[in-house]
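Q: Hello! I am new to this structure and would like a close look at a single part of it. Could you walk me through that part and then through its surroundings?

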Amino acid sequence: MQGDEVHHSPETAQLDALKAGHTSAWKEIMVLHGSGLLSFAIRMLGDRGAAEEIVQDSLVNIYHTIGRFDGRCSIKSWLYRAVHNSAIDEIRRRKRYVDVGIDAEENYFNEAGRWINDCPGWDGLAAKRLDDKRLLTLVREQMDHLPHTHREVLLLKEFEGLDTTEICDALEISPGNLRIRIHRARAALRAAVVGA
Amino acid sequence: MVYLKCSVVVGKISEVIDGQTSLMTRMRFHGHIMMCKNCRRYFEQFKRVKEFAGKVTSDDLPPDFAHVMGFVMNEIENKDV
């Protein structure tokens, strides 16, 4: 039957095995995604202990509720969505959540859309300070200080390597919103590095 | 035909470096970049930020998550828990 083809896709077969409670399927999921989920949570929370707890609880919760998963997004997106939501809950609980649409570029241009001041270069004296090692350290430091809405998109896109659909599904946002967030996140990170 | 406003060019940088723009947009974008020192600098800095953002966690997060995995697998293997 033509319509049965979808049931033979690797993702669907994997989901069937997960729903059936096959231990090997759950092990495979954790080997595939566990490390990425943990590193994402650590970078979101800045606290390895809390991140471990969140990933543990999220995965156990997913195990108990897998029957409700309808397959509208990938398993990977669903896992990241669960860990992301738990991390945001934890951040809100700690009252450290900063959800602001910082637009680092908004004051750079005049009414004609031209630069008001020259864009500061990373050459000359700055180049000595901003060799690759120093720049990596700065980016690392400043990323931890970005608002969470900025940090999460950079982590998922640049480090975890999720594609646009996976990130949108994980964060429950539109592709247009994602494009704006990624641009603002990079602009904020650049501004933070320049200003550091 | 190139973009005339620097603010428009800067707003498109992420889409350009992510390869999410049309050929026409890229031509208009790079046409402006060739002529505008400030936008060129900003573009180069954005590319470096993107490059380094991708390196942030790879070397400072221990890949060992056996503790987490062990806890979860224990829950799964003891299904009555």
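Which residues are buried in α3(A)?

A: Happy to help! A word on the model comes before the helix. This is a predicted model, in which local features need pLDDT of at least 70 and side-chain atom pairs count only at pLDDT 80 or more, while totals for chains, interfaces and linings use all residues. Residues are numbered from 1 along each chain as its sequence is written, and chains are lettered from A and ligands numbered from 1 in the order in which they are written.

Now to your helix. The buried residues of α3(A) are Ala51(A), Ile54(A), Val55(A), Gln56(A), Ser58(A), Leu59(A) and Ile62(A). Buried here stands for 20 or more other C-beta atoms within 10 Å of a residue's own, exposed for 12 or fewer, and partly exposed for what lies in between, with C-beta atoms placed from the backbone. Helices (H or I, at least four residues) and strands (E, at least two) are DSSP runs numbered from the N terminus. Helix α3 of chain A covers residues 48-65, and its 18 residues should span 26 Å at 1.5 Å a residue; the end C-alpha atoms are 25 Å apart, which agrees. That expected span is 1.5 Å times one less than the number of residues.

What lies over those buried residues? The cover includes α2 (23-45) and α4 (75-93) of chain A, together with α5 (66-77) of chain B. Contact, for two residues, calls for C-beta atoms, placed from the backbone, within 7 Å.

It helps to step back to the whole chain. Chain A has nine helices and zero strands, and 34% of its 196 residues count as buried. Among the contacts in chain A with a separation of 6 or more, 70% are between residues 24 or more positions apart.

Chain B has already appeared in the cover of α3(A), and the contact between the chains takes 41 residues from chain A and 34 residues from chain B. On the side of chain A that touches chain B, the elements giving two or more residues are α2, α3, α6 (132-145), α7 (148-159) and α9 (175-195) of chain A. α2(A) gives the most, with 10 residues. By kind, the residues of this side divide into 21 nonpolar, nine polar and 11 charged; Ala, Val, Leu, Ile, Met, Phe, Trp, Tyr, Cys and Pro count as nonpolar, Asp, Glu, Lys and Arg as charged, and the others, Gly among them, as polar.

Chain A is also divided into domains. An automatic or database domain assignment is the origin of the bounds, and the assignment gives domain 1 (2-93) and domain 2 (125-195). Taken over C-alpha atoms, the centres of domain 1 and domain 2 of chain A are separated by 23 Å. Their contact takes 14 residues from domain 1 and 13 residues from domain 2. On the side of domain 1 that touches domain 2, two or more residues each come from α2 and α4 of chain A, and α4(A) has the largest share, seven residues.

One of the buried residues of your helix, Val55(A), turns up again in the largest nonpolar core. This core has 59 residues, of which Leu37(A), Ala41(A), Val55(A), Tyr80(A), Val83(A), Leu189(A) and Cys39(B) touch the most other members. α2(A) gives the most to the core, with 10 residues. Because domain 1 and domain 2 of chain A both give residues to it, the core lies between them. A nonpolar core is a set of buried Ala, Val, Leu, Ile, Met, Phe, Trp, Tyr and Cys residues joined through C-beta atoms within 7 Å.

Follow Leu189(A) from there. Leaving aside its neighbours within four places in sequence, Leu189(A) is in contact with Val139(A), Gln142(A), Met143(A), Leu146(A), Val49(B) and Ala53(B). Val139(A), Gln142(A) and Met143(A) are the buried residues of α6(A). Seen down the axis of α6(A), these buried residues fall within an arc of 105°, so they line one face of the helix; the arc is that of the directions from the helix axis to the C-beta atoms. Lys133(A), Thr137(A) and Asp144(A), on the other side of α6(A), are exposed. The cover of the buried residues of α6(A) includes α7 and α9 of chain A together with α4 (37-53) of chain B.
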